[in-house]
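Dear colleague,

Please find below the sequence and the structure that I promised to pass on to you. My notes on what was found follow directly after.

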Amino acid sequence: MKKLLSVILAVLMLTSCAAALADEPVRVAWWGSETSNVVYLTFSDMFTEATGIEYEAEYLSWGDYWTKINTLAAANDMPDMVRMDYAYIKNYVDKGLLLDLTDLVNEGKIDLSDVADSAISGGRFGDGLYGINAGSNGLVLAVNAKLVTDAGLEVPTNEMTWEEFVDWCIEFHDKTGKFGTDLFGLKDFNVYRVFARQHNEELYNEAQDAVGYSVETLAAYFTDLKKLHDAGAIQNVADVTVDIGKENYPFAKAEAATNMTVTDSYTTYAKLLYDEYGALELRIQPGSAENKAMFVKPSQFLSIAASAEQVDKAAAYIDYWTNDEAANLYINGTRGIPISAKISSLVAANLDEISALAFDYMQVMAEYSSDLYAPDPVAHTEIGDEFVSQLSSVLFNNATPEEAAQKLIDFSNKALNN
Amino acid sequence: MTVAKRTPVTQAARARRRNNNLAGYTFILPWLIGLVVFTSIPMIYSLYLSFTKYDALGAPQWIGVANYVNMVNDDTFWKALGVTFKYVFLLVPLRLAAALAVAMVLTTNHKGIGLYRTAYYVPSLLGGSVAIAIIWSRIFGSNGAFNGIISAISGSVFSYNWVGEISTALYSLILLGCWHFGSSMLIFISGIKQIPASYYEAALLDGASPWQKFRYITLPSLSPVIFFNLVQGIINAFKAFSEALIITDGGPLNSTMLFALYIYKQGFSYFKMGYACAMSWVLLVIISIFSIFIFKSSDSWVHYEA
């Protein structure tokens, strides 16, 4: 028995030594849909071909990704290069799980010479730089212009107020029987975030121990959505219980004139609708002009784990994403506008019609944008779920907008102090 | 003298027994390791975690019974508990009845009965799979097949989202659960086949009606099988999770927030592992109470053949 054990141990030691000696691949991780997985895998293959560095990919859907990364972090086994989201990165930085990239940048291992400082400020925490933007994105009102003009209405302008938009949706519904906009878009907590910013408020106060908006603002949002719901200008709330996938949203099937979405997701709709309805028109969220309520957000960060074994290779991966011309021509701006000015203008010159619209929109939106909000607190996910719950209770006629608004605020303040 | 004579024999016997035991333990070793590594240690650890605040990233912080106290003021906790009890109490009897009824039909003598048995088991194989959940949400959605049938029969367009409305969402999940009657059905079939034919022959001579045969022969003879299926069914129903996650995600308004789903959300969406562990232990206690109750009551209604 003892002999057997020592043999097993010896074999184990030998294999681990051999593994350490061999050229280990860099472990990279991301979240994504089927389509984006293809993009990342192809990109990673191009990376291996150009640099000779092998990679090992771990990828999952959005929700499962965070479960897995969290678990791996707990086991001190995070992938070398991890994609981080603005909603999560602060928590990982606070826990000391991400590497400060400043030295790698100074040594030129991650070349940021063509990158404006403002483009990477989102990844700065204290004195450290913990993530490089993969690109920038923002919220957008996608408009099926053909549906609108066929109905004899004008396409909304960027200067349209929120109240005008609500009435416009109802008018569109009265004329066509279709939806003015899509509840799948309006129930996004970020759309409410912009609505709050239109009133010079934020989702959370500076200390993040209470909400940053008034009960009146939230009640007004609920009231407007109820008005749209009761008029039939958005789909029945029962129809958004099950997330049926973007391809099946009313907007994707031309049963709704507009939809609030993110510039990354816009291309999904654009491709589905292009043949029959032509290009979509892109507008800022109605009501945002006066107070510059929009914001330009890092679509995701490329970060290196503090526990990473292959730091240099991970840095090379990030550098390749940021600066390589061929790779970025392939990615074609689908992850947001590249942060390098040189790459960005190169990509812009080679875009197809659908992607070019998103690029142009980002320029326009920047004019209507003010400072990005502070990274969300940990309780944000839970509060976001409760937001949808309270919104549903208004639309199901289980609560008045004021009651539901107060409930969400009470819930949030409790969760923020837990 | 006699003592000295007996000693070697006893020693040899003891050694043999020790050898036998060793062999026995060796054979169950793989299972034993699995039990300790994958069940016992995680269970004890989760009991410890239930007294901590733990987000999986940092180290667990001891907070005593705070997690258990917090449940009292957690509206969704009580809602989830209510929803789960409703789910269990409706689903388990319905599924057992369905399984027994189909098993009765499938033990009659017909051509191709094996084919039918396989066919009726298929839904259970597909189980809580993602594909079934998605199909379910399509069938019972606003534009689904179910409304299509109602519209065709009634002649007017009928649009009602069965999985999306508060009043019916849970029932659509219960219906899906009933459809998974296959494994109970298989056990019933084997139970029915073991009832001696002579019982029925005697009943026939006495002029018993089909109902009397069912009530006084089949049911009592099957009571051990019913008992087993009942315990299994209740435990599994309390742990039901994937259907609710995939089809409704607990909505609308938490009306399908099954307890296991709420544990998952607290643990893996909100990363409150300590709270999730505490709730798991509450679920364990609830399931244990029900199991003990059924076991205690079984003396009065389960008949084991002499």
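Chain A has a mean pLDDT (the predictor's confidence in each residue, from 0 to 100) of 90, and 95% of its residues reach 70 or more. This is a predicted model, in which local features need pLDDT of at least 70 and side-chain atom pairs count only at pLDDT 80 or more, while totals for chains, interfaces and linings use all residues. Residues are numbered from 1 along each chain as its sequence is written, and chains are lettered from A and ligands numbered from 1 in the order in which they are written.

Over residues 17–21 of chain A, pLDDT stays under 50, and the model has zero contacts beyond four places in sequence for them; a contact here means C-beta atoms, placed from the backbone, within 7 Å.

Helices (H or I, at least four residues) and strands (E, at least two) are DSSP runs, numbered from the N terminus. In helix 18 of chain A, the buried residues (20 or more other C-beta atoms within 10 Å of their own, C-beta atoms being placed from the backbone) include Pro401(A), Leu408(A), Phe411(A) and Leu416(A). The buried residues cover an arc of only 130° around the axis (taken from the directions from the helix axis to the C-beta atoms), which puts them on the same side of helix 18 of chain A. Among what covers them are helix 11 (215–231) and helix 17 (380–395) of chain A.

Chain B holds 13 helices and two strands, and buried residues make up 28% of its 306 residues. Its C-alpha atoms fill a box of roughly 100 × 75 × 35 Å, taken along the principal axes.

With best regards

Notes
Buried ≥ 20, exposed ≤ 12 C-beta atoms within 10 Å, placed from the backbone. Contact = placed C-beta atoms within 7 Å.
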